[in-house]
There are 2 protein chains.
Amino acid sequence: MNDIFTARGSVLIAGVTTGGSTVDIAIDEEGVIAEIGKAARKAIDADIIIDGTDRIAVPGMVNTHTHAAMTLLRGYADDMPLQEWLTEKIWPLEAHLTGDDVYYGTKLACLEMIRSGTVAFNDMYFFMERAADAVDEMGLRAALAYGFIDLGSAEKREAEIRATEALVAHIKARGNPRIQAAVGPHSVYTVSPESLRWCADFAKEQEIGIHIHLAETEKEVDDCVAEYGRRPAVHLDECGCLTPRTVAAHCCWLDEAECRLLGARGSHASHNPVSNMKLAVNRAMPYHWLKSSGANVCLGTDGCASNNSLDLLEEMKFAALLQKFAWNSQTLLPAHEAIAMATSAGAQALGTGPGTLTVGAPADVVLLNARATCNTPLHNTDSNTVYACNGGAVMTVLCQGRILMHERVVPGEEEIIREAAAAAQALVERGRET
Amino acid sequence: MNDIFTARGSVLIAGVTTGGSTVDIAIDEEGVIAEIGKAARKAIDADIIIDGTDRIAVPGMVNTHTHAAMTLLRGYADDMPLQEWLTEKIWPLEAHLTGDDVYYGTKLACLEMIRSGTVAFNDMYFFMERAADAVDEMGLRAALAYGFIDLGSAEKREAEIRATEALVAHIKARGNPRIQAAVGPHSVYTVSPESLRWCADFAKEQEIGIHIHLAETEKEVDDCVAEYGRRPAVHLDECGCLTPRTVAAHCCWLDEAECRLLGARGSHASHNPVSNMKLAVNRAMPYHWLKSSGANVCLGTDGCASNNSLDLLEEMKFAALLQKFAWNSQTLLPAHEAIAMATSAGAQALGTGPGTLTVGAPADVVLLNARATCNTPLHNTDSNTVYACNGGAVMTVLCQGRILMHERVVPGEEEIIREAAAAAQALVERGRET
């Protein structure tokens, strides 16, 4: 079994179901889909053959808003008022976080994502060099941003600029094509206009993305209007932060004009339905306005303190159902659109390829179990994927043609779980001592 | 491996975590919890020993609103306007259903429920004698009701009365203590007041439960007020149908007075958040009113045409999050209350015991994987169970001390999946021919 995890070379996925047909998929030595269909067997001399019997192939999923290392805080504090939760539980514990914690927490997050079919994620947190170590080892893709927060202080601003520059230089020096840097201004309420402008300029100069929280709560909108005389998306745009490489998370409280603005700028809106429901933000992202504006709507889980899972199959169900419920429409966000949010829209947001199973695309491939109860009967693959299955239906995961999980085995998973559990325990104990 | 599925006798679950401690659980030959703790090993001479290392024991879950055989329609039609979905898709296909279909569909449902930790369900559908065959074989508990619909027709009413009487006689004649009969008047908009009164009298005479849909949509409320001059719960009460053995599903549109009425009658309200969101009913069950009224609020999935899963771990997360979102409270329905909804409240609704892991209770026990990513770290078992885990974390399931699943193996599962898939395929083909 271990061979296929360490072996390098071309891969043939033989006799797999996709888009309603049974096909072969050929993946070349560079990890690119070389051929799909009858010609696939002849297109490559396969080093590795994966049996696709009873398997449904779908594109690998992309999680466009995470704080991966917060897996260590999973279940540490829930069911509390937001402000009390942040100030009495989350922030005090985060003050004790070390680089090692971020490494172990991000490895656990990568394991969880692989096991539920995610191949790429857009992460914002601290000690991101150590997050990069984890991503490097685990074999998936990530855009990594340092969470930039200046709270209007010029001194803090300089420190955040240095930290951002250092991370970007570090990531570029690694030269790992799976790992890219992004600039991570936290939000309009934690970052000054001066810093937002610096972030915009620096992202442009470095040709990298911007990852930001936007319009998560009504208070954010009210405060922004009170302080700057304009709504958050307009404010971001004035500071140059709404770009075709910007991923804005949450977007719950955007008004129709702000949705049009995101569409006009070609920006990406990351829908985080579980986090928004759990934290009771009182409004669901206006998907219908964003869709008609042409903005690219993708999907994200947020961190494990406010979800508490990284399973995008589950998140698709929450998205499809929350949109229907909150906007009172039985037909809003149908299954195939939810799948596109989690795959092609996510890949577009991070610039990691088309996010489809097509010739020339990176071989980011997930094989689902067609014989699971959730896929029985198989009237409609999309419906089953979104409404019936969860990450447990994922059997095999490839990223750039490399096998990260096969038949639900991920190399080293027991050690990752043991180390993350120990790191979390030690973190809580350090928190108690102070 | 097969031994433990067929063996009869006493069971010791050794060294399992529950309520924060590591204990032994002794189960006697009648399938009752004989002892928990240090004395457990001496309490019985165990025929079967289950290793509880890295396992968390929780009570078996109870699904209080299902149409189990609708697994065969999973994914057959989704993302459609409700009326079109019912009249053009669901009802025409249901017209072709046979008793065999109900048998195979219910077996698939039982398999899915066992695999996600459910040990008992409250079912309403047709050909329920065949559903009883399935439940009998699969080893879990069920309350089975024939869906009584007269649409105001006296002729139809007589037929429904005969069908109800026949099912109740059949279930009683089986003498299987795991299977009970219930009376299933479908709703106030499909059953005449005369028939509701007959159902109430018959349930009382037979000492069995009542299973009904209540206040699912605003239209149901408006139509009921227009026709009978009173809201649905008041109308049900006038017809004698609100009793301590009544399970009312949905309850989305109850007003505060109706919630108090359910509380006063000691009735049970089954919350079905996924179905309500998917069908965009535009209001979440007023859990806070029901709770303060003293009504017993339990949990249900509804059928697979409107969910499309039977996973109560997933349903708990939807319930805890929908309540927070819809009623704008970060603290409403915390994790431990969601677990009680799915366990003790469900058991109370069906009268199957306390639904807790306590001495003298039926040994309906679920063992969760403490080493799964969703349980790493393990700061808070309840939070992880509700917010992070899904049915995939369930490793072992016992019902009345009998082992239905162990280490995720259910005897005969491949055959059940194959037969259900074939039945669903044949059903759709019969539908096409007409």
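Two strands count as paired here if DSSP finds at least two bridges between them. With that in hand, take strand S8 (residues 141-148) of chain A: seven bridges tie it to strand S9 (residues 179-185) of chain A, and the two run parallel. Within that pair, A:Ala143 sits opposite A:Gln180 in S9(A). Keep in mind that this is a predicted model. Here's the rundown, from the sheet out to the domains and then the two copies.

**The sheet in chain A**

- S8 and S9 belong to an open sheet of eight strands in chain A, with the order S6-S7-S8-S9-S10-S11-S12-S13 and parallel pairing.
- At the edges you'll find strand S6 (61-66) and strand S13 (296-299) of chain A, each of which pairs on one side only.
- There's some twist to it: on average, neighbouring strands of this sheet are turned by 25° against each other, ignoring direction.
- Helix H4 (residues 99-115) of chain A lies across S6 and strand S7 (118-125) of chain A, and runs at about 150° to S7(A).

**Two domains, and where they touch**

- Chain A splits into domain 1 (2-59 + 358-413) and domain 2 (61-350), so-called bounds that put two separate stretches of the chain into domain 1.
- Taken over C-alpha atoms, the centres of domain 1 and domain 2 of chain A are 28 Å apart.
- Across the boundary, 20 residues of domain 1 of chain A are in contact with 23 residues of domain 2 of chain A.
- On the domain 1 side of that contact in chain A, the elements giving two or more residues are helix H16 (381-388), strand S15 (394-399) and strand S16 (402-405).
- H16(A) gives the most to this side, with five residues.
- By residue type, the domain 1 side that touches domain 2 of chain A breaks down into eleven nonpolar, five polar and four charged.

**How the two copies relate**

- Lay chain A on chain B and you get an RMSD of 0.0 Å, using a turn of 180° and a shift of 0.0 Å along the axis.
- The two copies are therefore related as by a two-fold rotation axis.
- Both copies use the same surface: 100% of the contact residues of chain A recur in chain B.
- Which residue of chain A comes closest to the rotation axis? That's A:Gly392, with its C-alpha at 3.0 Å.

Technical notes. Residues numbered from 1 in each chain as written. Chains lettered and ligands numbered in written order. Predicted model: local features only at pLDDT ≥ 70, side-chain atom pairs only at ≥ 80, totals over all residues. Least-squares fit on C-alpha atoms with pLDDT ≥ 70 in both. Contact = placed C-beta atoms within 7 Å. Helix = DSSP H or I, 4+ residues; strand = E, 2+ residues; numbered from the N terminus. Axes fitted to C-alpha atoms, helices over the stretch in contact; angles between N-to-C directions. Domains from an automatic or database assignment. Nonpolar A, V, L, I, M, F, W, Y, C, P; charged D, E, K, R; others polar.
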